[in-house]
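Please read the following account with the sequence and the model side by side. It begins at a pocket and then moves outward to the chain as a whole, to a hairpin and to a single residue.

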Amino acid sequence: AARHRRLLRAAGYGKAEYVRVLKADDLRLDSMRLRDVRIQVASGGDLAWASYRGWFRTVTAGVASEAETAETLVYRREPGGWKLVRAHASVRPAGE
């Protein structure tokens, strides 16, 4: 929970601060599962989005934890390929 609060605070200050917090963290992903995956492309073909629910088991500072997420990713087609333009995740400790 403390890690998620640090990430949320960093996200409010922009990309550089967010990246700094991620690099300082010793988070290790042990396992993950995705379910209810939906991928859709807009009728014009230049915008797509994916949504899914995730379950993650991580270890930080030697302490294991589990979290569940609901996530949405939005992509835009550009000349060099698809670019991620927006991401949203709602996170809660597993079992809450």
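In this predicted model, the second largest pocket holds about 220 Å³ of space. Its lining can be followed along the sequence in groups, beginning with Arg 33, Leu 34 and Arg 35, passing to Arg 53, Gly 54 and Trp 55, then to Glu 68, Thr 69 and Ala 70, and ending with Ser 90, Val 91 and Arg 92. When these lining residues are sorted by character, 4 are nonpolar, 3 are polar and 5 are charged. At least two residues of this lining come from each of strand E1 (28-41), strand E2 (47-60), strand E3 (63-78) and strand E4 (81-93).

Those strands belong to a chain whose secondary structure comprises 2 helices and 4 strands, and the order of the elements, read from the N terminus, is α-α-β-β-β-β. The chain has 96 residues, of which 19% are buried, while its accessible surface amounts to about 7100 Å², with 54% of that area belonging to carbon and sulfur atoms. If one considers the contacts between residues at least 6 apart in sequence, 35% of them join residues that are at least 24 apart.

How do two of the pocket-lining strands, E1 and E2, meet? E1 and E2 pair in the antiparallel sense, over 11 bridges, and together they form a hairpin that has 5 residues between the two strands. Within the turn of this hairpin, Gly 45 has a positive phi of about 85°. Across the pairing, Arg 35 stands opposite Arg 53 in E2, and both of these arginines are also among the residues that line the second largest pocket.

The last stop is Val 85, which has its place in strand E4. Is Val 85 buried, exposed or partly exposed? With a relative accessible area of 29%, Val 85 counts as partly exposed, because that class takes in values between the 20% limit for buried residues and the 50% limit for exposed ones. Once neighbours within four places in sequence are set aside, the residues in contact with Val 85 are Val 74, Tyr 75 and Arg 76. For Tyr 75, the separation from Val 85 is 10 residues in sequence, whereas the C-alpha to C-alpha distance between the two is 5.4 Å. When looking along any of these strands, it may help to keep in mind that side chains in a regular strand alternate between the two faces of the sheet.

Definitions and conventions. Residues numbered from 1 in each chain as written. Predicted model: local features only at pLDDT ≥ 70, side-chain atom pairs only at ≥ 80, totals over all residues. Heavy atoms only, no water. 1 Å grid on protein atoms, 1.4 Å probe; cavity = no way out; pocket = protein on both sides within 12 Å on 5 of 7 lines; lining within 4 Å. Points joined across faces, edges and corners; volume = space filled by probe spheres on them. Nonpolar A, V, L, I, M, F, W, Y, C, P; charged D, E, K, R; others polar. Buried < 20%, exposed > 50% of the residue type's maximum accessible area, 1.4 Å probe, protein only. Contact = heavy atoms within 4.5 Å. Areas by Shrake-Rupley, 256 points an atom, 1.4 Å probe, with all protein chains shown as cover. Pairing = 2+ DSSP bridges.
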